Amino acid sequence: NPLPIIQANGNLTTTQPIVKSIVKGRVLGFDPISANYKPLSGAIVKIDDTLTLNTDAQGFYETTQEFDTALRISAASENYVASTVTNVPPGISRDIHLNALNERLSYRQVAFTVPGSVVNLAENGKRPLVVFTDGQKSVSNASFVDPKTGRFSLDVRVLSNRSATTGSLFAHIMEDIGNLSVITQYGYSPNVPVPVAPVQPVPTPTPDTESDTVPLDSTSLLLSFDHLVSPEAFGEIKLDLSADPANTRLQGVVVHIYMNLPNGGRVLVAKYNDNTSTRVNQTIRVPRLPNTSFTVIAHSGSALEGSDVVVPNLQIGSAVTRQFLPVPIFTQLGEETSFSNINQTRYSISDTTPRVSWNSQTNVNSFQLNLQSEMADKFRWEAYTLANTLDYPDFGSEHPSSLKSGQSYRLQLSATDFDIGTFNILSGQSDFSTKLLNPGPANFAQGYRLSYSTLSFVTE
């Protein structure tokens with residue numbers, strides 16, 4: 001009974017024997033207020049659909065039976081996304097992390113107003129856009145500067161468990177060059193307290209690229225960096241993105257480039273959009289600021305099927321060459337096995353514990369299934385596997401996480417080039433397709449690729 005061993009790069013390389021033993025662990029649920037996973041008592045745990053357990057008051061589960069094969073473990077709890085993980089060897093402590101059905105973070109009802117000004121408005125007729133970011137999940141509107149007064153005003157809303165924050169203001173002007181939008185001028189104030197302190201009587205320009213001096217008036221910005229006047233305030237990143245010509249299900253490409261600021265926040269500094277081709281071969285101008293890096297997020301396809309490339313930790317002068325993963329293709333959903341009609345996206349099945357299968361792919365190390373009802377905040381299930389087939393768990397006909405006859409559901413299959421089960425992190429939607437809960441450098445230093453395919457079905 002071999003156990004796959006996954007290298008740091010996600011490649012399956014060898015196997016080792018499984019030692020007969022029990023299975024134990026905890027079931028933890030994500031708390032949006034504290035942003036931490038907390039133990040869940042009374043959660044149902046299914047071991048290979050043959051053994052049913054419930055967690056104790058501290059969220060622990062443990063079998064008395066010993067196993068000598070890699071296992072499939074499912075867990076479910078009311079108000080949480082049910083989850084299945086596969087290839088779990090006995091003898092280890094395997095925690096199951098459940099995401100909240102309602103992923104909306106809790107924010108303070110009262111927003112803080114951040115007033116400010118741009119000292120030297122551009123003379124090219126374009127209005128600067130000002131954004132606030134703090135890396136603490138605060139939300140804020142972007143604001144255009146009033147062309148007559150040079151003033152702007154932002155509303156910043158912090159998480160409910162915070163009373164204040166410190167972030168950065170970034171003002172910029174973009175120009176379109178064909179399919180590419182890049183910054184021509186920008187200004188930056190790195191340490192802006194919110195709520196904002198009383199305005200100083202004399203605005204002081206923000207620091208230049210060689211200075212760490214904090215301005216006396218942090219909300220007064222100077223558009224001091226122009227790519228024509230100050231080319232040293234900019235750098236370049238080269239992109240070479242493509243898809244295999246045989247990958248005909250991908251159409252068009254969208255690319256966003258973010259600058260990651262020292263405080264953990266990020267700002268959009270360039271974007272590219274082509275509706276006709278999946279090829280991107282561009283040299284992109286980006287701002288040059290101390291202690292910053294860049295992240296490229298690229299998407300090809302549609303809301304139903306597509307492919308994403310994410311590359312973080314880029315520096316000025318970096319060159320990115322990546323190919324989009326092919327879209328995964330379903331081969332079975334319950335008794336349905338015909339998926340040749342690419343225009344058909346809705347199916348009918350009679351099984352409430354259906355088997356889901358899909359095609360194999362090179363350069364793919366793991367898969368996620370994400371199933372949800374018509375109301376995603378009422379019912380969802382996530383599964384992580386290295387295989388190409390998985391059965392929906394039998395939680396019992398009355399359990400909230402069981403499929404119900406006569407209901408409509410949406411199923412998304414994601415293929416990734418990393419071991420998704422290690423991180424338990426894909427959930428919901430983001431700018432383009434799939435959101436990562438913890439896509440930090442520690443987990444994805446070299447970036448990642450994923451592709452997805454989506455269909456709907458009704459259980460008769």
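This report walks through a predicted model of one protein, from its overall make-up to a few unusual residues.

**Overall make-up**

The protein has one helix and 34 strands. Of its 460 residues, 50% are buried. The exposed surface comes to about 21,000 Å². Carbon and sulfur atoms supply 48% of that area. Contacts also reach along the sequence. Take those between residues at least 6 apart: 65% of them join residues at least 24 apart.

**Strand β33 and its two partners**

Start with strand β33, which covers residues 408–416. Eight of its nine residues are buried, so by the cut-off of under 20% relative accessible area this strand is mostly covered. β33 pairs with strand β30, residues 366–373. The two are antiparallel and share eight bridges. One bridge can be picked out by name: S366 is partnered with T416 in β33.

β33 also pairs with strand β34, residues 448–459. Here nine bridges join the strands, and they again run antiparallel. Look for L411, which stands opposite L455 in β34.

In a regular strand, side chains alternate between the two faces of the sheet.

**A three-strand open sheet**

Another sheet is open and has three strands, in the order β27-β29-β32. Its pairing is antiparallel. Which strands form the edges? They are β27 (330–333) and β32 (389–391), and each of them pairs on one side only. From one strand to the next, the twist averages 10°. β27 meets strand β29 (residues 355–358) through three bridges. Within this pair, F330 has W358 in β29 as its bridge partner.

**Nonpolar cores**

The largest nonpolar core holds 36 residues. Five of them have the most contacts inside it: F170, L239, V255, I257 and V269. Several strands give two or more residues to this core, among them β17 (180–194), β20 (234–243), β21 (253–260) and β26 (319–324).

What does L239 touch, apart from its neighbours within four places in sequence? Its contacts are V255, I257, V280, N281, Q282, I284, V296 and V320. Two of these names, V255 and I257, also appear among the core residues with the most contacts.

A second core is separate and has 28 residues. It includes A76, V364, A415 and F457.

**Unusual backbone spots**

Most residues other than glycine have a negative phi, and most peptide bonds are trans. A few places here depart from that pattern. The table lists two asparagines with positive phi.

| Residue | Phi | Place | Relative accessibility |
|---|---|---|---|
| N87 | near 60° | strand β9 (residues 82–88) | 27% |
| N363 | near 65° | loop between β29 and β30 | 54% |

Is N87 buried, partly exposed or exposed? N87 counts as partly exposed because its relative accessibility is 27%, and that class lies between the 20% and 50% cut-offs. N363 counts as exposed because its relative accessibility is 54%, and exposed means over 50%.

The third spot is a peptide bond. The bond from V194 to P195 is cis, with omega near 5°. P195 sits in the loop between β17 and β18 (220–221). β17 is also one of the strands that give two or more residues to the largest core.

Notes. Residues numbered from 1 in each chain as written. Predicted model: local features only at pLDDT ≥ 70, side-chain atom pairs only at ≥ 80, totals over all residues. Heavy atoms only, no water. Buried < 20%, exposed > 50% of the residue type's maximum accessible area, 1.4 Å probe, protein only. Helix = DSSP H or I, 4+ residues; strand = E, 2+ residues; numbered from the N terminus. Pairing = 2+ DSSP bridges. Axes fitted to C-alpha atoms, helices over the stretch in contact; angles between N-to-C directions. Core = buried A, V, L, I, M, F, W, Y, C linked by side-chain atoms within 4.5 Å. Contact = heavy atoms within 4.5 Å. Areas by Shrake-Rupley, 256 points an atom, 1.4 Å probe, with all protein chains shown as cover.
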